[in-house]
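Here is a friendly walk through one protein chain, meant to be read with the model open beside you. Take your time and turn the view as you go.

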Amino acid sequence: MPFRVESAGRTHTGLVRDRNEDALLIDNDLRLWVVCDGMGGHRGGQVASQLAVATIADAVRSGIPAGERPDPLAAAIAAANRAVYLRGRSDRELFNMGTTVVAIRMENHVLHLCHVGDSRIYRWRQGDFQQLTRDHSLVNLYADNPGLAAKFGPAGSNVIVRALGLREEVEIDYQRQRIEHGDMYLLCCDGLTDMVDDWILKEVMADGAVGAVDECADTLIRAALNNGGVDNVTVVVLRLFEVTAT
């Protein structure tokens, strides 16, 4: 049976920053959902995230072939990486700008998930709440390679080791997830996860499973702001229903 999607997205500058360097995309017609968290002094982060979102959407819409990538979504993100990289090299004010990305593309009964950086994708399924992505952070890199910590010193908790736009090529993590009726997915930046514990996210998503997805997205934003809102915060919430024949 086909699946119906309900989706909602929210973004907020937060209570400390003076500009919003996040960007999001909700395109139910394309079956495409994206969250980007930009970085780079002055206006660089804002330009990087918006350029990445626009490039991914254009590439998916035009039917970019996967090529050597595992899926067209990964190919679209690779194109976004090149676009951000080249723009950063052509404008001195944007040099070394970059952005994280999490993205989902729906195809029949399967979701294609991609991520680069420390923005995250979570899934709520019948009461189970699971983080599906693993942050590309210095902390995790040291955990995988203990010798690096001894060589280079302690890792900052917010230091990421992979992002779009920093190099001409980027490694993109890709996975497929089979859809089940009632699944909910959360795409978010670290402006949410640094402010709100996972157990609270689980409770909000559980409420969203029986409520409205736009109210779920609003509650997630409020939770980050109530805990300090020190960064931009962006969320996209999806709820998937199997459409039965009548």
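How many bridges pair strand β3 with β4, and in which sense, parallel or antiparallel? Strand β3 (residues 32–39) and β4 are antiparallel partners, held over eight bridges; strands count as paired if DSSP finds at least two bridges between them. Before going further, please keep in mind that this is a predicted model, where local features need pLDDT of at least 70, side-chain atom pairs count only at pLDDT 80 or more, and totals for chains, interfaces and linings use all residues. Residues are numbered from 1 along each chain as its sequence is written, and side-chain values use heavy atoms, with hydrogens and water left out.

**The whole chain**

The chain has seven helices and ten strands. These elements are DSSP runs numbered from the N terminus, with helices being H or I of at least four residues and strands E of at least two. The radius of gyration is 18 Å, which agrees with the value near 18 Å for a compact globule of 246 residues; the radius is taken over C-alpha atoms, and the globule rule is 2.2 Å times the number of residues to the power 0.38. Along the principal axes, the C-alpha atoms fill a box of roughly 60 × 40 × 40 Å.

Of the 246 residues, 51% count as buried. Here buried means under 20% relative accessible area, exposed means over 50%, and partly exposed lies in between (1.4 Å probe, protein chains only). Among the contacts (heavy atoms within 4.5 Å) with a separation of 6 or more, 70% are between residues 24 or more positions apart.

**The five-stranded sheet**

Now back to β3 and β4. They belong to an open sheet of five strands in the order β2-β3-β4-β5-β8, with antiparallel pairing. β2 (22–27) and β8 (173–178) stand at the edges with a single partner strand each, so one side of each has no neighbour in the sheet. Neighbouring strands of this sheet are turned by 10 degrees against each other on average, direction ignored.

Helix α1 (residues 44–61) lies across β2, β3 and β4 and runs at about 155 degrees to β3. Helix α2 (residues 72–90) also packs on the sheet, where it touches β3, β4 and β5, and its direction makes about 155 degrees with that of β4. For these angles, axes are lines fitted to C-alpha atoms, for helices over the stretch in contact, and the values run from 0 to 180 degrees between N-to-C directions.

Strand β4 (residues 98–107) is mostly covered, with nine of its ten residues buried. On the β5 side, seven bridges join β4 to β5 (residues 110–116), and these two strands run antiparallel. Two residues lie between the strands of this hairpin, and N108 takes a positive phi near 55 degrees. H109 is found in the loop between β4 and β5 and is partly exposed, with a relative accessible area of 26%. The C-alpha atoms of H109 and F3 are separated by 7.3 Å, although these residues are 106 apart along the chain.

The table lists some residues that face each other across paired strands.

| Residue | Opposite residue | Strand of the opposite residue |
|---|---|---|
| L32 | R105 | β4 |
| M106 | L111 | β5 |
| V102 | H115 | β5 |
| R123 | Y185 | β9 |
| Y185 | L238 | β10 |

**Strand β9 and helix α6**

Y185 leads us to β9. Five of the five residues of β9 are buried, so this strand is largely enclosed by the rest of the structure. M184, L186 and C188 are buried on one side, and Y185 and L187 on the other. β9 is joined to β6 by five bridges, running antiparallel, and to β10 by five bridges, also running antiparallel.

Which residues of helix α6 (residues 198–208) are buried? They are L201, V204, M205 and G208. Seen down the axis of α6, they fall within an arc of 100 degrees, so they line one face of the helix; the arc is that of the directions from the helix axis to the C-beta atoms. An α-helix has 3.6 residues a turn, so residues three or four places apart point the same way. W199 and D207, on the other side of α6, are exposed. The cover over the buried residues of α6 includes β6 (120–125), β7 (128–131), β9 (184–188), α5 (190–193), α7 (213–226) and β10 (233–242).
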